[in-house]
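Colleague: I should like to learn how to read the features of a model in order. May we begin with the packing around a single residue?

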Amino acid sequence: MPIILKLAISSSSMQNTLMDGFVRSAVVLLSINSPTVIPVYVRNAEECGHKQYLFSGTVFQDNKLDLYKLLLGLYLFFTSNKGISAVEMHNALGVNIKTAQLLLRKCRILMNQSEDGKKLDSMFYEVDTAYIGSSSKEPGHQGKGTQQQPFLVLLSTEKDNSMPQYIRLTPIPKDNSEIMEKQITENLELSEERTLNADGTNTLNKLKGRIRVVAQKVDYDEKGHRLHWINVLIGNIKNHITGIYHGVAKRDLPLFLTEQEYRFNHR
(Lines give C-alpha, C1' and ligand atoms only; values in the text may rest on other atoms or scores of the structure.)
Protein backbone atom coordinates (compact mmCIF):
# COMPACT_ATOMS: atom_id res chain seq x y z
CA MET A 1 0.00 0.00 0.00
CA PRO A 2 1.74 3.23 -1.11
CA ILE A 3 1.95 6.28 1.12
CA ILE A 4 0.68 9.42 -0.63
CA LEU A 5 2.37 12.75 0.04
CA LYS A 6 1.44 16.00 -1.70
CA LEU A 7 4.41 18.34 -2.00
CA ALA A 8 4.86 21.82 -3.42
CA ILE A 9 8.20 21.77 -5.21
CA SER A 10 10.01 24.90 -4.09
CA SER A 11 13.60 24.42 -5.24
CA SER A 12 14.49 26.56 -8.23
CA SER A 13 15.83 23.58 -10.17
CA MET A 14 12.54 21.67 -9.91
CA GLN A 15 9.81 24.34 -9.87
CA ASN A 16 8.25 25.31 -13.19
CA THR A 17 5.96 28.34 -13.45
CA LEU A 18 3.45 27.91 -16.25
CA MET A 19 1.07 30.24 -18.02
CA ASP A 20 -1.05 32.62 -15.93
CA GLY A 21 0.64 31.81 -12.62
CA PHE A 22 0.17 28.02 -12.55
CA VAL A 23 3.00 26.32 -10.66
CA ARG A 24 4.06 22.74 -11.06
CA SER A 25 3.66 20.84 -7.80
CA ALA A 26 3.83 17.09 -7.35
CA VAL A 27 2.06 14.16 -5.80
CA VAL A 28 4.67 11.64 -4.69
CA LEU A 29 3.65 8.00 -4.27
CA LEU A 30 6.12 6.29 -1.93
CA SER A 31 6.01 2.56 -2.48
CA ILE A 32 8.30 -0.27 -1.46
CA ASN A 33 10.03 -0.33 -4.83
CA SER A 34 10.53 3.30 -5.83
CA PRO A 35 8.80 6.69 -5.57
CA THR A 36 6.57 7.84 -8.43
CA VAL A 37 6.14 11.56 -9.08
CA ILE A 38 2.83 12.71 -10.61
CA PRO A 39 2.78 16.37 -11.73
CA VAL A 40 0.01 18.69 -10.55
CA TYR A 41 -0.45 22.18 -11.99
CA VAL A 42 -1.96 24.57 -9.46
CA ARG A 43 -2.35 28.31 -8.88
CA ASN A 44 -2.96 29.89 -5.48
CA ALA A 45 -5.31 32.88 -5.48
CA GLU A 46 -3.61 35.75 -3.64
CA GLU A 47 -6.85 37.18 -2.19
CA CYS A 48 -8.43 34.08 -0.64
CA GLY A 49 -5.78 31.38 -0.98
CA HIS A 50 -8.11 29.19 -3.08
CA LYS A 51 -6.26 26.64 -5.21
CA GLN A 52 -7.09 26.48 -8.92
CA TYR A 53 -6.04 23.39 -10.81
CA LEU A 54 -5.17 23.63 -14.49
CA PHE A 55 -7.29 20.63 -15.53
CA SER A 56 -10.12 21.11 -13.02
CA GLY A 57 -13.55 20.62 -14.60
CA THR A 58 -12.15 19.10 -17.79
CA VAL A 59 -11.98 15.55 -19.09
CA PHE A 60 -8.32 15.56 -17.96
CA GLN A 61 -9.11 16.51 -14.34
CA ASP A 62 -7.51 13.36 -12.90
CA ASN A 63 -4.71 13.23 -15.46
CA LYS A 64 -1.47 11.72 -14.18
CA LEU A 65 0.62 12.31 -17.30
CA ASP A 66 3.35 14.92 -17.45
CA LEU A 67 2.09 18.03 -19.26
CA TYR A 68 4.58 17.55 -22.10
CA LYS A 69 3.41 13.98 -22.76
CA LEU A 70 -0.23 15.03 -22.53
CA LEU A 71 0.19 17.83 -25.07
CA LEU A 72 2.24 15.60 -27.36
CA GLY A 73 -0.46 12.92 -27.17
CA LEU A 74 -3.16 15.47 -28.03
CA TYR A 75 -1.10 16.74 -30.95
CA LEU A 76 -0.52 13.25 -32.34
CA PHE A 77 -4.18 12.29 -31.99
CA PHE A 78 -5.77 15.41 -33.46
CA THR A 79 -3.32 15.81 -36.35
CA SER A 80 -3.65 12.20 -37.53
CA ASN A 81 -5.60 11.90 -40.78
CA LYS A 82 -7.12 8.47 -40.15
CA GLY A 83 -6.53 7.78 -36.46
CA ILE A 84 -3.82 6.45 -34.17
CA SER A 85 -3.85 3.17 -32.28
CA ALA A 86 -3.08 2.68 -28.58
CA VAL A 87 0.07 0.78 -29.54
CA GLU A 88 1.32 3.72 -31.61
CA MET A 89 0.53 6.15 -28.78
CA HIS A 90 2.21 3.84 -26.27
CA ASN A 91 5.39 3.81 -28.37
CA ALA A 92 5.37 7.57 -29.03
CA LEU A 93 4.88 8.65 -25.40
CA GLY A 94 6.67 5.84 -23.61
CA VAL A 95 3.66 5.05 -21.41
CA ASN A 96 1.95 1.73 -20.72
CA ILE A 97 -0.78 0.51 -23.05
CA LYS A 98 -3.65 1.17 -20.60
CA THR A 99 -2.56 4.79 -20.16
CA ALA A 100 -2.44 5.19 -23.94
CA GLN A 101 -5.94 3.69 -24.26
CA LEU A 102 -7.31 6.04 -21.59
CA LEU A 103 -5.78 9.10 -23.28
CA LEU A 104 -7.27 8.08 -26.64
CA ARG A 105 -10.67 7.56 -25.05
CA LYS A 106 -10.60 11.02 -23.47
CA CYS A 107 -9.64 12.54 -26.84
CA ARG A 108 -12.64 10.83 -28.44
CA ILE A 109 -14.86 12.20 -25.67
CA LEU A 110 -13.65 15.70 -26.59
CA MET A 111 -14.54 15.01 -30.23
CA ASN A 112 -17.97 13.78 -29.16
CA GLN A 113 -18.58 16.94 -27.13
CA SER A 114 -17.61 19.02 -30.15
CA GLU A 115 -19.97 17.21 -32.55
CA ASP A 116 -22.88 16.60 -30.16
CA GLY A 117 -26.19 18.24 -31.08
CA LYS A 118 -25.10 19.51 -34.50
CA LYS A 119 -27.50 19.17 -37.43
CA LEU A 120 -26.60 18.86 -41.10
CA ASP A 121 -28.03 21.74 -43.13
CA SER A 122 -28.06 21.41 -46.91
CA MET A 123 -30.42 21.11 -49.87
CA PHE A 124 -29.17 17.60 -50.66
CA TYR A 125 -28.61 14.61 -48.38
CA GLU A 126 -27.65 10.97 -48.76
CA VAL A 127 -28.57 8.25 -46.25
CA ASP A 128 -27.54 4.63 -45.88
CA THR A 129 -27.23 1.96 -43.21
CA ALA A 130 -23.84 0.28 -42.86
CA TYR A 131 -22.73 -2.70 -40.80
CA ILE A 132 -19.45 -3.33 -39.03
CA GLY A 133 -18.04 -6.39 -37.29
CA SER A 134 -17.41 -10.01 -38.17
CA SER A 135 -20.06 -11.42 -40.51
CA SER A 136 -22.04 -14.45 -39.36
CA LYS A 137 -22.18 -17.57 -41.53
CA GLU A 138 -25.12 -19.05 -39.62
CA PRO A 139 -28.43 -19.42 -41.52
CA GLY A 140 -30.84 -16.56 -40.93
CA HIS A 141 -28.12 -14.02 -40.10
CA GLN A 142 -27.57 -12.55 -43.54
CA GLY A 143 -28.87 -9.21 -44.84
CA LYS A 144 -30.89 -7.27 -42.24
CA GLY A 145 -30.75 -10.33 -39.99
CA THR A 146 -27.01 -9.93 -39.56
CA GLN A 147 -25.47 -9.92 -36.10
CA GLN A 148 -23.09 -7.15 -37.17
CA GLN A 149 -23.54 -3.73 -35.56
CA PRO A 150 -25.59 -1.37 -37.79
CA PHE A 151 -24.90 2.35 -37.91
CA LEU A 152 -26.67 5.13 -39.76
CA VAL A 153 -24.68 7.30 -42.16
CA LEU A 154 -26.01 10.74 -43.13
CA LEU A 155 -24.15 12.89 -45.64
CA SER A 156 -24.83 16.45 -46.79
CA THR A 157 -23.68 17.45 -50.27
CA GLU A 158 -23.46 20.86 -51.92
CA LYS A 159 -25.05 19.49 -55.11
CA ASP A 160 -27.03 16.36 -55.90
CA ASN A 161 -24.59 13.43 -55.74
CA SER A 162 -21.52 15.65 -55.71
CA MET A 163 -19.28 17.74 -53.46
CA PRO A 164 -19.63 16.10 -50.00
CA GLN A 165 -19.81 18.55 -47.10
CA TYR A 166 -20.41 17.00 -43.67
CA ILE A 167 -21.33 13.63 -42.21
CA ARG A 168 -23.15 12.20 -39.20
CA LEU A 169 -22.53 8.65 -37.92
CA THR A 170 -24.90 7.08 -35.39
CA PRO A 171 -25.08 3.49 -34.10
CA ILE A 172 -28.64 2.15 -34.26
CA PRO A 173 -30.16 -1.01 -32.72
CA LYS A 174 -31.83 -1.98 -36.01
CA ASP A 175 -32.92 -0.56 -39.35
CA ASN A 176 -36.65 0.22 -39.19
CA SER A 177 -38.93 3.16 -39.97
CA GLU A 178 -39.32 4.41 -36.37
CA ILE A 179 -35.58 4.58 -35.71
CA MET A 180 -34.84 6.10 -39.13
CA GLU A 181 -37.46 8.82 -38.64
CA LYS A 182 -36.14 9.68 -35.17
CA GLN A 183 -32.47 9.80 -36.17
CA ILE A 184 -33.02 11.73 -39.40
CA THR A 185 -35.26 14.26 -37.66
CA GLU A 186 -32.63 14.81 -34.95
CA ASN A 187 -29.67 15.10 -37.34
CA LEU A 188 -31.00 16.84 -40.48
CA GLU A 189 -32.68 20.14 -41.19
CA LEU A 190 -35.83 19.12 -43.08
CA SER A 191 -38.08 20.93 -45.56
CA GLU A 192 -40.09 19.99 -48.63
CA GLU A 193 -37.56 21.74 -50.89
CA ARG A 194 -34.67 19.50 -49.77
CA THR A 195 -33.80 16.09 -51.25
CA LEU A 196 -32.92 12.89 -49.39
CA ASN A 197 -31.33 10.17 -51.54
CA ALA A 198 -31.61 6.55 -50.36
CA ASP A 199 -31.38 3.02 -51.72
CA GLY A 200 -34.80 1.57 -52.48
CA THR A 201 -35.88 1.32 -48.84
CA ASN A 202 -39.39 1.75 -47.45
CA THR A 203 -38.13 2.73 -43.97
CA LEU A 204 -38.24 6.42 -44.97
CA ASN A 205 -41.96 6.54 -45.82
CA LYS A 206 -42.77 8.40 -42.60
CA LEU A 207 -40.61 11.30 -43.76
CA LYS A 208 -42.53 11.90 -46.98
CA GLY A 209 -44.21 15.30 -46.85
CA ARG A 210 -41.41 16.68 -44.67
CA ILE A 211 -38.63 16.19 -47.24
CA ARG A 212 -38.43 14.95 -50.84
CA VAL A 213 -37.37 11.30 -50.57
CA VAL A 214 -35.72 9.65 -53.60
CA ALA A 215 -35.52 5.96 -52.75
CA GLN A 216 -35.32 4.08 -56.05
CA LYS A 217 -33.13 1.00 -56.30
CA VAL A 218 -29.47 1.86 -56.95
CA ASP A 219 -27.27 -0.07 -59.38
CA TYR A 220 -23.92 -0.02 -57.55
CA ASP A 221 -22.10 -1.27 -60.65
CA GLU A 222 -23.12 1.89 -62.51
CA LYS A 223 -20.43 4.55 -62.56
CA GLY A 224 -21.40 7.68 -60.62
CA HIS A 225 -24.60 6.22 -59.16
CA ARG A 226 -26.74 8.34 -56.80
CA LEU A 227 -25.08 7.10 -53.61
CA HIS A 228 -21.51 7.10 -54.89
CA TRP A 229 -20.01 9.43 -52.28
CA ILE A 230 -21.71 7.98 -49.22
CA ASN A 231 -20.57 4.50 -50.21
CA VAL A 232 -16.98 5.70 -50.70
CA LEU A 233 -17.07 7.24 -47.21
CA ILE A 234 -18.59 4.11 -45.64
CA GLY A 235 -15.77 2.03 -47.12
CA ASN A 236 -13.13 4.45 -45.80
CA ILE A 237 -14.66 4.59 -42.31
CA LYS A 238 -14.88 0.80 -41.99
CA ASN A 239 -11.31 0.40 -43.28
CA HIS A 240 -10.01 2.96 -40.77
CA ILE A 241 -11.73 1.30 -37.79
CA THR A 242 -10.85 -2.29 -38.70
CA GLY A 243 -7.43 -1.48 -40.18
CA ILE A 244 -6.08 0.81 -37.46
CA TYR A 245 -7.85 -0.52 -34.37
CA HIS A 246 -8.36 -4.13 -35.55
CA GLY A 247 -11.92 -4.32 -34.29
CA VAL A 248 -13.95 -2.38 -31.73
CA ALA A 249 -16.29 -3.56 -28.97
CA LYS A 250 -19.95 -2.58 -29.43
CA ARG A 251 -19.92 -0.44 -26.29
CA ASP A 252 -16.98 1.60 -27.66
CA LEU A 253 -18.29 1.93 -31.22
CA PRO A 254 -20.13 5.27 -30.69
CA LEU A 255 -16.88 7.04 -29.74
CA PHE A 256 -14.94 5.48 -32.62
CA LEU A 257 -17.66 6.55 -35.07
CA THR A 258 -17.63 10.05 -33.57
CA GLU A 259 -13.86 10.14 -34.13
CA GLN A 260 -14.28 9.32 -37.82
CA GLU A 261 -17.11 11.84 -38.09
CA TYR A 262 -14.97 14.56 -36.50
CA ARG A 263 -11.98 13.82 -38.72
CA PHE A 264 -14.10 14.05 -41.89
CA ASN A 265 -15.96 17.20 -40.79
CA HIS A 266 -12.67 18.95 -39.85
CA ARG A 267 -10.61 17.71 -42.79
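Modeller: Let us take Leu 257 in this predicted model. Leaving aside neighbours within four places in sequence, Leu 257 is in contact with Phe 151, Leu 169, Pro 171, Ile 237 and Ile 241.

Colleague: Which residues have the most contacts inside the largest nonpolar core?

Modeller: Leu 257 is one of them, together with Phe 151, Val 153, Ile 167, Leu 169 and Ile 241; the core has 20 residues. Two or more residues come from each of strand 5, strand 6, strand 7, helix 5 (228-244) and helix 6 (253-265). Helix 5 gives the most, with six residues.

Colleague: How should I read a helix such as helix 6?

Modeller: The general idea is that an α-helix has 3.6 residues a turn, so residues three or four places apart point the same way. In this case, one can begin with length: at 1.5 Å a residue, the 13 residues of helix 6 should span 18 Å, and the end C-alpha atoms are 18 Å apart, so the two values agree.

Colleague: How many residues of helix 6 are buried?

Modeller: Of the 13 residues in helix 6, 12 are buried, and the helix is mostly covered. The buried residues include Leu 253, Leu 255, Phe 256 and Leu 257, and also Glu 259, Glu 261 and Arg 263.

Colleague: Against which elements do the buried residues of helix 6 pack?

Modeller: They pack against helix 1 (67-79), helix 3 (97-115), strand 5, strand 6, strand 7 and helix 5.

Colleague: Several strands have now been mentioned. What is the strand order of the open sheet?

Modeller: The general idea is that strands of a sheet pair through backbone hydrogen bonds, either parallel or antiparallel. Here the open sheet has five strands in the order 7-6-5-8-9, and the pairing is mixed. Strand 7 (162-171) and strand 9 (212-214) are the edge strands, each pairing on one side only. From one strand to the next, the twist averages 25 degrees.

Colleague: How many bridges join strand 6 to strand 7, and how many join strand 5 to strand 6?

Modeller: Strand 6 (residues 149-159) and strand 7 run antiparallel and are joined by eight bridges. Strand 5 and strand 6 are also antiparallel, pairing over nine bridges.

Colleague: Which residues stand opposite one another in these pairs?

Modeller: Glu 126 stands opposite Leu 155 in strand 6. Towards strand 7, Val 153 stands opposite Leu 169, and Thr 157 has Pro 164 as a bridge partner. Val 153 and Leu 169 are also among the residues with the most contacts inside the largest nonpolar core.

Colleague: What is found in the hairpin of strand 6 and strand 7?

Modeller: Two residues lie between the strands in this hairpin, where Asn 161 takes a positive phi near 60 degrees.

Colleague: Is strand 6 largely enclosed or largely open?

Modeller: Nine of the 11 residues of strand 6 are buried, so the strand is largely enclosed by the rest of the structure. The general idea for the side chains is that in a regular strand they alternate between the two faces of the sheet. Ser 156 is found in strand 6. With 1% relative accessibility, Ser 156 counts as buried because the cut-off is under 20%. Leaving aside neighbours within four places in sequence, Ser 156 is in contact with Leu 120, Ser 122, Phe 124, Tyr 125, Pro 164, Gln 165 and Tyr 166.

Colleague: Which helix lies across strand 6?

Modeller: Helix 4 (residues 177-187) lies across strand 5 (124-132), strand 6, strand 7 and strand 8 (195-197), running at about 40 degrees to strand 6.

Colleague: How should I read residues in the loops, such as Asn 205 and Lys 64?

Modeller: One may first locate the residue and then consider its accessibility. Asn 205 is in the loop between strand 8 and strand 9, and at 40% relative accessibility counts as partly exposed. The C-alpha atoms of Asn 205 and Met 180 are separated by 9.8 Å, although the residues are 25 apart along the chain. Lys 64 lies in the loop between strand 4 (51-53) and helix 1. At 57% relative accessibility, Lys 64 counts as exposed. Lys 64 and Thr 99 are 35 residues apart in sequence and 9.2 Å apart, C-alpha to C-alpha.

Colleague: What do the totals for the protein chain show?

Modeller: The chain has six helices and nine strands, and 41% of the 267 residues are buried. Among contacts between residues at least 6 apart in sequence, 51% join residues at least 24 apart. The chain exposes about 15600 Å², of which carbon and sulfur atoms supply 52%.

Methods:
Residues are numbered from 1 along each chain as its sequence is written. This is a predicted model: local features need pLDDT of at least 70, side-chain atom pairs count only at pLDDT 80 or more; totals for chains, interfaces and linings use all residues. Side-chain values use heavy atoms; hydrogens and water are left out. Two strands pair if DSSP finds at least two bridges between them. Helices (H or I, at least four residues) and strands (E, at least two) are DSSP runs, numbered from the N terminus. Axes are lines fitted to C-alpha atoms, for helices over the stretch in contact, and angles run from 0 to 180 degrees between N-to-C directions. Contact means heavy atoms within 4.5 Å. Buried means under 20% relative accessible area, exposed over 50%, partly exposed in between (1.4 Å probe, protein chains only). Accessible areas come from the Shrake-Rupley method with a 1.4 Å probe; for residues, only the protein chains shown count as cover. A nonpolar core is a set of buried Ala, Val, Leu, Ile, Met, Phe, Trp, Tyr and Cys residues joined through side-chain atoms within 4.5 Å. The expected span of a helix is 1.5 Å times one less than its number of residues.
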